[in-house]
Amino acid sequence: MSVARRFAANPAVLLLAPALLYLTVFYLVPLSFLLGRSFIGQAGLSLQPYAALLGDGFTWQVIGNTLRIASLVTLCAFLIGYPAAIALSRARGALQIVLLVSIILPLSVGIVVKAFAWQIVLGRGGVVGQFLVATGLFEEAPRLLFTEFGLVLGAANVFLPFMILPIYSVLNLMDPRLPEAAATLGASPVYRFTRVTLPLTLPGIIAGCAFVFSMSVSMYVIPSLLIGDRFQTLATLTGRSFLFLRDEQLGSTTAVVLLVLSVAIILSASALARRFGGVR
């Protein structure tokens, strides 16, 4: 059946037309130019730009930095977000509304503002440093800003709602009587969590981890403000290539490598979601 006949057979498909047009003009066309530019080297159309990029040891160090930071941010957001999602699903009435607002409201604040706020918090005279000195763990405030620890902490805070909300939506669909039924059969709290709650929430965990990891891989503003230029990721290297080095070919090539990583993450998450029954 031709595309025109499919549209005629299902007029509801026309509702997708504005979104398809928008994505084609403002996403697919620029992306095509970017992809084409990445294959144009000094000798014309070739794979030489990719060979030069991937043959440089510094590139693999940058890829390693990108994947390590994204993994740590995702792990940190999961460890904080999973208990928060459970608390949110069990809260009722005004308390649940307050918790939801406290999770969603930070999304209205720009990333630049949040990053500058973390610069104040993690500075030597900031709240965290003063707290560590007050507890006696350190004689003087340790250096937290411009470190990987500070970057992970700040990024996890920014992306935390994207971990909590998918897990919370899955918890809301789960029958609350299932853990209770397991308890009546003598299951301990740990057994109920590991054999009932955790498996049923895997689709939400996978979705949340995919969201946070894909955004952490491509973040640019947060590393620029919290750790600086001495720590390079693929996103910051891409921005530096375009903005400071004026090397469009290098920027395009690193951007395509970053895009391949992001697509691989999305496809892997989709496969895992299908595997655990999150997508039918």
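Which residues does the UniProt annotation "transmembrane region" cover? In this predicted model, the unreviewed entry assigns that label to residues 12-40, 60-85, 97-121, 149-171, 200-222 and 250-273. Let's look at two of these stretches. Residues 60-85 are 100% helix and 0% strand, with 36 Å between the end C-alpha atoms. Over residues 97-121 the helix share is 76%, again with 0% strand, and the end C-alpha atoms there are 28 Å apart.

Now to the cysteines. The disulfide count is 0. For Cys76, the nearest cysteine sulfur belongs to Cys209 and sits 12 Å away. A disulfide needs two sulfurs within 2.5 Å, so the sulfur of Cys209, with its closest counterpart in Cys76 at 12 Å, is too far away for a bond. Cys209 itself is partly exposed, at 23% relative accessibility.

The aromatic rings offer another way in, with 4 aromatic pairs in the whole structure. One of them joins Phe39 and Tyr50 in a tilted arrangement, with 5.0 Å from centre to centre and 45° between the planes. Because Phe39 lies in the loop between helix H2 (17-38) and strand E1 (40-41), while Tyr50 belongs to helix H3 (residues 48-54), this pair ties together parts that are 11 residues apart in sequence. Phe39 is partly exposed at 26%, whereas Tyr50 is buried at 14% relative accessibility.

Phe78 and Tyr82 also make a tilted pair, with ring centres 5.5 Å apart and planes at 50°. Both residues lie in helix H4 (residues 57-90), 4 residues apart, or about one turn of the helix. Here Phe78 is partly exposed at 22%, and Tyr82 is buried at 6%. Together with Phe193, Phe78 and Tyr82 form one aromatic cluster.

Terms used:
Residues are numbered from 1 along each chain as its sequence is written. This is a predicted model: local features need pLDDT of at least 70, side-chain atom pairs count only at pLDDT 80 or more; totals for chains, interfaces and linings use all residues. Side-chain values use heavy atoms; hydrogens and water are left out. UniProt positions are given in the numbering used here, feature names are shortened, and annotations may be inferred rather than shown by experiment. Helices (H or I, at least four residues) and strands (E, at least two) are DSSP runs, numbered from the N terminus. Buried means under 20% relative accessible area, exposed over 50%, partly exposed in between (1.4 Å probe, protein chains only). Rings of Phe, Tyr and Trp (its six-membered ring) pair if their centres lie within 6.5 Å; planes under 30 degrees apart count as stacked, over 60 as edge-to-face and the rest as tilted.
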